[in-house]
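Trainee: I have a structure to go through and I don't know where to start. Can we take it piece by piece?
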Amino acid sequence: MLTTMDGSMLDQVIVGGCASLANLIIHAVLLGSVVWTVRRLANTDASIPGFLQYTLVIVATGTLLVAGHFSEVVLWAYTYYWVGAAPPGTDLVYFAFGNYTTLGYGDTVPVPDWHLLGPMTALNGVMLIGWSTALIFEILRRTGHAGGKYSEPAEGSRTGRRA
């Protein structure tokens, strides 16, 4: 069996993989909610100025994404707690945020038996933050700048056309 330092690599990969999978599910539901909310806001009363609709879309998207990423960080913090991955007295949410965002001050490191959870958290965070960035970009592209509207791209086209 492959081992890393004092612990089993397989145990670390299973625990980290389960936490990553749970976060992928949370994020998929979150992004589905964001898309639903954006579509609902986009179909509001035409008497509301386009700029205000656009602002509502951006604020709703940002709020839902921040709340979702925070819940994903908290899941990692609970994972660290569950397996005892951090030294006693560690602020687990702070530790998870540092890993998830790849900030990595280095002031806290996982215990040797669970040292792979830090990089696994970072990989999960980079992937999910990237997914969120792609969604934001697509929402901005489809809603247009300053409240303008874009239609769906033509078949085979790479850009939207003005409606």
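Mentor: Start with a term. A salt bridge is a side-chain nitrogen of Lys or Arg within 4 Å of a carboxyl oxygen of Asp or Glu. Keep in mind that this is a predicted model.

Trainee: OK, how many salt bridges does the structure hold?
Mentor: It holds 1 salt bridge. The side chains of Arg141 and Glu138 meet there, at 2.6 Å from N to O.

Trainee: Where do Arg141 and Glu138 sit relative to one another?
Mentor: They are 3 residues apart in helix α4, so about one helical turn separates them.

Trainee: And is Arg141 buried or exposed?
Mentor: In between. Arg141 counts as partly exposed, at 21% relative accessibility. Glu138 is also partly exposed, at 25%. The cut-off for buried is under 20% relative accessible area.

Trainee: Let's zoom out. Which pattern does the chain follow along the sequence?
Mentor: The pattern reads β-β-α-α-α-α. That makes 4 helices and 2 strands in the protein chain.

Trainee: How much of the chain is buried?
Mentor: Of its 163 residues, 35% count as buried. The accessible surface comes to about 9,700 Å², and carbon and sulfur atoms make up 69% of that.

Trainee: What about contacts along the chain?
Mentor: Take the contacts between residues at least 6 apart in sequence: 62% of them join residues at least 24 apart.

Trainee: Tell me about α2. How many residues has it?
Mentor: Helix α2 has 34 residues, running from 50 to 83. From first C-alpha to last it reaches 50 Å, close to the 50 Å expected at 1.5 Å a residue. Just after the helix, Gly84 takes a positive phi of about 70°.

Trainee: Which residue other than glycine has a positive phi?
Mentor: Thr102 is one, with phi near 60°. Thr102 lies in the loop between α3 and α4. It is partly exposed, with a relative accessible area of 44%.

Trainee: New topic: the largest nonpolar core. Which residues touch the most other members?
Mentor: The core has 17 residues, and those with the most contacts to other members are Trp76, Tyr80, Val83, Ala85, Ala96, Trp114 and Leu117. The elements giving two or more residues to this core are α1, α2, α3 and α4. The largest share, 5 residues, comes from α2.

Trainee: What is Trp76 in contact with?
Mentor: Setting aside neighbours within four places in sequence, its contacts include Gly16, Ala19, Asn23, Ala96, Tyr100, Leu117 and Met120. There is also a second, separate core of 10 residues, which includes Leu31, Val34, Val57 and Ile139.

Trainee: Back to α2, then. What does His69 touch?
Mentor: His69 is in helix α2. Not counting residues up to four places away, His69 touches His27, Tyr100, Leu128, Ile129 and Ser132. With Tyr100 there is a polar contact between the two side chains, at 2.7 Å.

Trainee: Why does His69 count as buried?
Mentor: Because its relative accessibility is 13%, and buried means under 20%.

Trainee: One last residue: where is Ala60 found?
Mentor: Ala60 is also in helix α2. Its relative accessible area is 18%, so it is buried. Beyond neighbours within four places in sequence, Ala60 is in contact with Thr37 and Leu41. Ala60 and Thr37 are 23 residues apart in sequence, and their C-alpha atoms are 7.6 Å apart in space.

Methods: Residues are numbered from 1 along each chain as its sequence is written. This is a predicted model: local features need pLDDT of at least 70, side-chain atom pairs count only at pLDDT 80 or more; totals for chains, interfaces and linings use all residues. Side-chain values use heavy atoms; hydrogens and water are left out. The expected span of a helix is 1.5 Å times one less than its number of residues. Buried means under 20% relative accessible area, exposed over 50%, partly exposed in between (1.4 Å probe, protein chains only). Contact means heavy atoms within 4.5 Å. Accessible areas come from the Shrake-Rupley method with a 1.4 Å probe; for residues, only the protein chains shown count as cover. A nonpolar core is a set of buried Ala, Val, Leu, Ile, Met, Phe, Trp, Tyr and Cys residues joined through side-chain atoms within 4.5 Å. A polar contact is a pair of N or O atoms within 3.5 Å; within protein, one must be able to donate a hydrogen and the other to accept it, and residues adjacent in sequence count only if both atoms are side-chain atoms.
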